[in-house]
Structure formats: C-alpha cells, structure tokens
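Open the structure in your viewer and keep the sequence panel beside it. The tour moves from the whole chain to single residues, one selection at a time.

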Amino acid sequence: MTKKKFNPNKKRGNNKAVKKPDYKHQALQQPTEQTEAIRLNKYIANAGVCSRREADKLIEKGEITVDGEVIKELGYKVKPGQVVVHEKSVLKPENRVYLLLNKPKGFLSTTSDPEGRKTVMDLVSKACLEKVFPVGRLDRSTTGLLLFTNDGELSKKLTQPKHQIKKIYQVSLNKPITKNDFEEILSGITLDDEKVFVDDLAIVDGDNSTLGIEIHLGKNRIVKRIFEHLGYNVTKLDRVVYGSLTKKDLPRGKWRFLTEKEVLWLK
Ligand code: URA
C-alpha cells in the first residue's frame, strides 16, 4: 500500500509563500454605470445571460434588440443609454460576484426544488443582490467547496470538459481499501465503457478507509462511482480543494467572497 501522507493544502510546483488572502474584500465591483460603447456580446454576457460565445448565437438568431431594432451584426457596439432586450427582458450589466460556500450535507445544489427540499440557494440568498448560480454540482450528501457566480462565462469555462479545474475530495469508505483496488484506481478504471483517470490518490488515515482523491473530471457522481465500481460505499465525501481554493477559515455552512486575486487565478 502506498502510504502517502495526504495534505489537501500542499502547494504543488512553485513553492513561493502565498500572502493570506483578504477575505474582508467584498464583491468585485465593476462599474454598473456604462461609460463607453461595448460589444453587444460582452454586454449580454455582463448581464449574466450567458457566455460571450453563446451571446453571439443569440445575436445571429435575431433574438436581441437594441432600441427596438433586431441586431444581427456580431461586432455591434452598444452605446451608453441604449436599451438591449432579450426575451422581453431589458438587460442590465451587473456587478460580477464570486463567492465560495462550504456546503453542509442535506442541501441540493440546484437553484430550486419542486419537492421543496433545502437547496444551497438558501445558504447564499442574502450574500448579495445579484442572482448567483452554483458552478457545477455536489451531491446532496456531499459537503465542501462550492463556487457561486453570476459570471456565465467563467462558470462555463470552469465546467467545460477541456478546462476542468482540479478538485480534491476527502473520501470515507465503508471498509479499508485493498492494495489492488488502490492501484487499479491509480492506473485508470473503466466506467460505462470510458477510461477514468484520477490525478492522485492517497491514504489519509491509519486503517486505509479514508482517502484523498485528486481529479479534474466533473462527471456526475464521479468519485462515488469509482469506489462503488470496486464494491465500496462512500460514507462521507468532502470537497476540500477547488482549483486554488481551500476550506481554510471557512466553517461548514458559511460563505465568503473571493478576493480579486482568487478570481484572477480561476480565470
Ligand atoms: N463526485 C461524487 O460522487 N459526488 C459529488 O458530489 C462530487 C463528486
């Protein structure tokens, strides 16, 4: 058994000391008041509708009007004071907001639930006036780091398969993992005819039933499926690292705004 010590806060690569982030720093304020002409696709993305690329598609389809006129020209620039409309809604560029929640178990990662169950939105609804959305999903029983933003472009980038960000989970199993299974996961296992590779795997505790797993994939229930495939039940799953963000100074159920530096790291 590879008894690597698992440390989710371990810095990889460049080992320069990192200054403690300024968590008091509030939402990144970008001017809401438009002072110069901006490209229509950027205007739509800034209003939180979708990414710039998706905005181009809305423009091409003739779904956007400016001052009552359908605009299909991709390079069109919106001047201050012009009224941009999509699906009968006037679009207003908003402040970009980025916040990080340490999700407790028992909350769905959806924005609403037809059965009235608790959702993560209940935990961040008072954080800001802007309407933020969770980036990706955590299962209802999974705890740990979940990012929220109204920045559709960043959200899309972080969840796109080719840009999948690094995630580290602490996994508790119903029984100790065997040496063979440990090595099988590291060499890649096949789930639904697809080879799944993890970036790292390590034992956290002495009885080999708590592990750290580093993964880039963002597929549904990916961590649980890996272990279930080999006959284990995941009894606890906690996302302890998301990109360069850790749970440090963020108690369970609490959220904080990202610092400017942290947003730049994600972009
Ligand atoms: N993998 C899972 O199995 N569940 C999660 O919530 C996240 C990753």
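pLDDT is the predictor's confidence in each residue, on a scale from 0 to 100. This is a predicted model, so begin by colouring the chain by that score. The mean pLDDT of the protein is 87, and 88% of its residues reach 70 or more. Now select residues 8–31, where the pLDDT is below 50. In the model this stretch still has 34 contacts beyond near neighbours in sequence.

**Whole chain**

Switch to a cartoon view. The protein has 7 helices and 17 strands. Of its 267 residues, 45% count as buried. Among contacts with a separation of 6 or more, 67% are between residues 24 or more positions apart.

Next, select the cysteines C50 and C128. How many disulfides does the structure hold? The number is 0. C50 counts as buried, at 10% relative accessibility, and C128 counts as buried at 16%.

**Helix α4**

Select residues 152–159, which form helix α4. Which of its residues are buried? They are L154, S155 and L158. These residues lie on the same side of α4, because they cover an arc of only 100° around the axis. To see what they pack against, add the strands β7 (98–103), β9 (143–149) and β15 (234–242), together with helix α7 (260–266).

**The ligand**

Centre the view on the ligand and show the residues around it: L138, D139, T142, Y169, R221, I222, V223, K224 and L237. Three distances can be drawn here, each to a backbone atom of the protein.

- D139: a backbone N or O atom lies 2.7 Å from an oxygen atom of the ligand.
- R221: a polar backbone atom is 3.2 Å from an oxygen atom of the ligand.
- I222: a polar backbone atom is 3.5 Å from a nitrogen atom of the ligand.

**S109**

L138, one of the residues around the ligand, leads to the next stop. The side chain of S109 reaches the backbone oxygen of L138 at 2.7 Å. Select S109 in the loop between β7 and α3 (121–124). Is S109 buried or exposed? It is buried, with a relative accessible area of 4%. Show its contacts as well: leaving aside neighbours within four places in sequence, S109 is in contact with K103, V120, P134, R137, L138 and L146.

**Two more loops**

Move to N208, in the loop between β13 (200–203) and β14 (210–215). N208 has a relative accessible area of 13%, and because the cut-off for buried is under 20%, N208 counts as buried. Add F182, which is 26 residues away along the chain. The C-alpha atoms of N208 and F182 are separated by 9.8 Å.

Finish at G62, in the loop between α2 (52–60) and β2 (64–66). With a relative accessible area of 23%, G62 is partly exposed. Which residues does G62 touch, not counting those up to four places away in sequence? They are V70 and K72. For a last distance, select H86, 24 residues from G62 in sequence. From C-alpha to C-alpha, G62 and H86 are 9.7 Å apart.

How values were computed:
Residues numbered from 1 in each chain as written. Predicted model: local features only at pLDDT ≥ 70, side-chain atom pairs only at ≥ 80, totals over all residues. Heavy atoms only, no water. Buried < 20%, exposed > 50% of the residue type's maximum accessible area, 1.4 Å probe, protein only. Helix = DSSP H or I, 4+ residues; strand = E, 2+ residues; numbered from the N terminus. Arc of directions from axis to C-beta. Contact = heavy atoms within 4.5 Å. Disulfide = S-S within 2.5 Å. Near = heavy atom within 4 Å. Polar contact = N/O pair within 3.5 Å; in protein donor to acceptor, adjacent residues only side chain to side chain.
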